[in-house]
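Biologist: Could you take me through this model and show me how to read its features?

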Amino acid sequence: MPSTSIWMAPRRGSRFGRRRVDPLTGTEVNELTVEAGEETRLDRFVAQRLELSRTRVQKLLEEGRVTVDGGDARKSTLLEAGQRVRVEVPPPRSVSMEPE
């Protein structure tokens with residue numbers, strides 16, 4: 001059964017992009033376009049646009065949740081104007097604590 005997702009306005013900080021949340025997994029999918037003057041390393045670009053820590057972005061990269069123009073990417077990938085970056089941010093994990 002195909003999942004139904006709704007495209008939403010980008011969250012604060014994610015200029016020039018689209019955002020949707022997959023209702024089945026809760027994963028937030030952001031599609032961003034690199035604008036002129038924003039050419040930088042991929043990890044910096046994503047961290048600035050989505051207001052995430054660079055450590056969090058590096059983890060997403062390691063998990064294969066960040067692509068550039070549909071292909072795999074490394075944190076040191078240098079972006080050029082016009083490139084499209086797709087970032088999947090999974091929902092926070094629930095943590096249960098039990099008394100000792």
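**Strands, core and one loop residue**

Modeller: Start with one pair of residues: Thr67 has Arg86 in strand 6 as its bridge partner. This is a predicted model, in which local features need pLDDT of at least 70, side-chain atom pairs count only at pLDDT 80 or more, and totals for chains, interfaces and linings use all residues. Residues are numbered from 1 along each chain as its sequence is written, and side-chain values use heavy atoms, with hydrogens and water left out.

Biologist: How many helices and strands are there in the chain, and how do its elements run from the N terminus?

Modeller: Helices (H or I, at least four residues) and strands (E, at least two) are DSSP runs, numbered from the N terminus. The chain has two helices and six strands, in the order β-β-β-α-α-β-β-β.

Biologist: In which sense do strand 3 and strand 6 pair?

Modeller: Two strands pair if DSSP finds at least two bridges between them. Strand 3 and strand 6 are antiparallel, with six bridges; Thr33 stands opposite Arg84 there. Strand 4 and strand 6 also run antiparallel, joined by three bridges.

Biologist: Which side chains of strand 6 are buried?

Modeller: In a regular strand the side chains alternate between the two faces of the sheet. Buried means under 20% relative accessible area, exposed over 50%, and partly exposed in between, with a 1.4 Å probe and protein chains only. In strand 6, Val85, Val87 and Val89 point to one face and are buried, whereas Arg84, Arg86 and Glu88 point to the other and are not. Over the 100 residues of the chain, 35% count as buried.

Biologist: Which residues have the most contacts inside the largest nonpolar core?

Modeller: A nonpolar core is a set of buried Ala, Val, Leu, Ile, Met, Phe, Trp, Tyr and Cys residues joined through side-chain atoms within 4.5 Å. The largest one here has 18 residues, and those with the most contacts inside it are Leu42, Phe45, Val46, Val66, Leu79, Val85 and Val87. Helix 1 (42-50), helix 2 (54-62), strand 4 (66-68) and strand 6 each supply at least two residues of this core. Helix 1 gives the largest share, five residues.

Biologist: What do the buried residues of helix 1 pack against?

Modeller: Contact means heavy atoms within 4.5 Å. Seven of the nine residues of helix 1 are buried, and these pack against strand 3 (28-33), helix 2, strand 4 and strand 6. Among the buried ones are Asp43 and Arg49. After helix 1 comes Glu51, with a positive phi near 55°.

Biologist: Why does Gln83 count as buried?

Modeller: Gln83 counts as buried because its relative accessibility is 18%. Gln83 lies in the loop between strand 5 (71-72) and strand 6 (84-89). Leaving out residues up to four places away in sequence, Gln83 touches Leu32, Thr33, Val34, Val68, Asp69 and Leu78. A polar contact is a pair of N or O atoms within 3.5 Å; within protein, one must be able to donate a hydrogen and the other to accept it, and residues adjacent in sequence count only if both atoms are side-chain atoms. The side chains of Gln83 and Asp69 make one (3.5 Å).

Biologist: Where is confidence lowest in the chain?

Modeller: pLDDT is the predictor's confidence in each residue, from 0 to 100. Confidence is lowest in strand 1 (residues 6-8), at a mean of 47, and highest in strand 4, at 97. Over residues 5-14 the pLDDT is below 50, though this stretch has 31 contacts in the model beyond near neighbours in sequence. Where pLDDT is low, the predicted coordinates should not be read in detail.
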